[in-house]
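Student: Could you take me closely through a single part of this model, the sheet, and then turn to the charged pairs? I would like one connected account rather than a list.

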Amino acid sequence: MRQALDEAAQAAPAGDVPVGAVVLGPDGALLAAGHNEREATGDPTAHAEVLALRRAAAALGSWRLTGCTLVVTLEPCTMCAGALVQSRIGRVVYGARDEKAGAAGSLWDVVRDRRLNHRPEVIHGVLEDVCAGLLTSFFRDR
């Protein structure tokens, strides 16, 4: 999670919400990282999770991220939750809950929906106070 927090810190200077994500391979090695880049790129899909998934798939040479873990500072939204299911990621670890848009247990639970063909393990609350504090500071300053 500390690596994801380092990524999140890179988003704020560009005006992006400070969310960071990393993908770890089955062996625990860092495959890819990303932070929100919507403002920086003008791309509405440039969420930290999506960018990290794309980079991890490129590093592995496959869209299937079976056995990999995504670690992200904020609970994934519905778009990112869908991408996680489609990537066949094995585990999702997140810090702060997102009561307004979370799709991994807070508002929705897309990643564990029994109607879908893949359901990753979800671990939440890792360094939750630190992750939430980063977001609170960002929005307070705005």
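Tutor: A salt bridge is taken here as a side-chain nitrogen of Lys or Arg within 4 Å of a carboxyl oxygen of Asp or Glu. Arg97 and Glu99 form such a salt bridge, their closest N and O atoms being 3.1 Å apart, and I shall come back to Arg97 once the sheet has been described. Please keep in mind that this is a predicted model.

The sheet is open and is formed by five strands in the order 2-1-3-4-5, with mixed pairing. Strand 2 (30-35) and strand 5 (121-124) stand at its edges, and because each has a single partner strand, one side of each is left without a neighbour in the sheet. From one strand to the next the twist averages 15°.

Strand 3 (69-74) repays a closer look, since six of its six residues are buried, so that this strand is largely enclosed by the rest of the structure. With strand 1 (residues 20-24) strand 3 runs antiparallel, the two being joined by four bridges, and here Val23 has Leu70 of strand 3 as its bridge partner. With strand 4, by contrast, strand 3 pairs in the parallel sense over five bridges, and Val72 stands opposite Tyr94 in strand 4. Between these two strands the chain passes through helix 4 (residues 78-87), making a β-α-β crossover that is right-handed.

Strand 4 (residues 91-96) also pairs with strand 5, again in the parallel sense, over four bridges, and in this pairing Tyr94 stands opposite His124 of strand 5. Tyr94 thus has a partner in strand 3, namely Val72, as well as His124 in strand 5. Helix 5 (residues 128-141) lies across strand 3 and strand 4, running at about 60° to strand 4.

As for the charged pairs, the count comes to five salt bridges, including the one between Arg97 and Glu99; Arg97 itself, at 35% relative accessibility, counts as partly exposed. The side chains of Asp109 and Arg112 meet in another, at 3.0 Å from N to O, and in this pair Asp109 is partly exposed with a relative accessible area of 30%, while Arg112 is likewise partly exposed at 34%. Asp113 and Arg115 also form a salt bridge, with their closest N and O atoms 2.6 Å apart. In that pair Asp113 is buried, because its relative accessible area is 19% and the cut-off for buried is under 20%, whereas Arg115 is exposed, with a relative accessible area of 74%.

Definitions and conventions:
Residues are numbered from 1 along each chain as its sequence is written. This is a predicted model: local features need pLDDT of at least 70, side-chain atom pairs count only at pLDDT 80 or more; totals for chains, interfaces and linings use all residues. Side-chain values use heavy atoms; hydrogens and water are left out. Two strands pair if DSSP finds at least two bridges between them. Axes are lines fitted to C-alpha atoms, for helices over the stretch in contact, and angles run from 0 to 180 degrees between N-to-C directions. Contact means heavy atoms within 4.5 Å. Buried means under 20% relative accessible area, exposed over 50%, partly exposed in between (1.4 Å probe, protein chains only). A crossover is right-handed if, with the strands pointing away from the viewer, the path from the first strand over the helix to the second runs clockwise.
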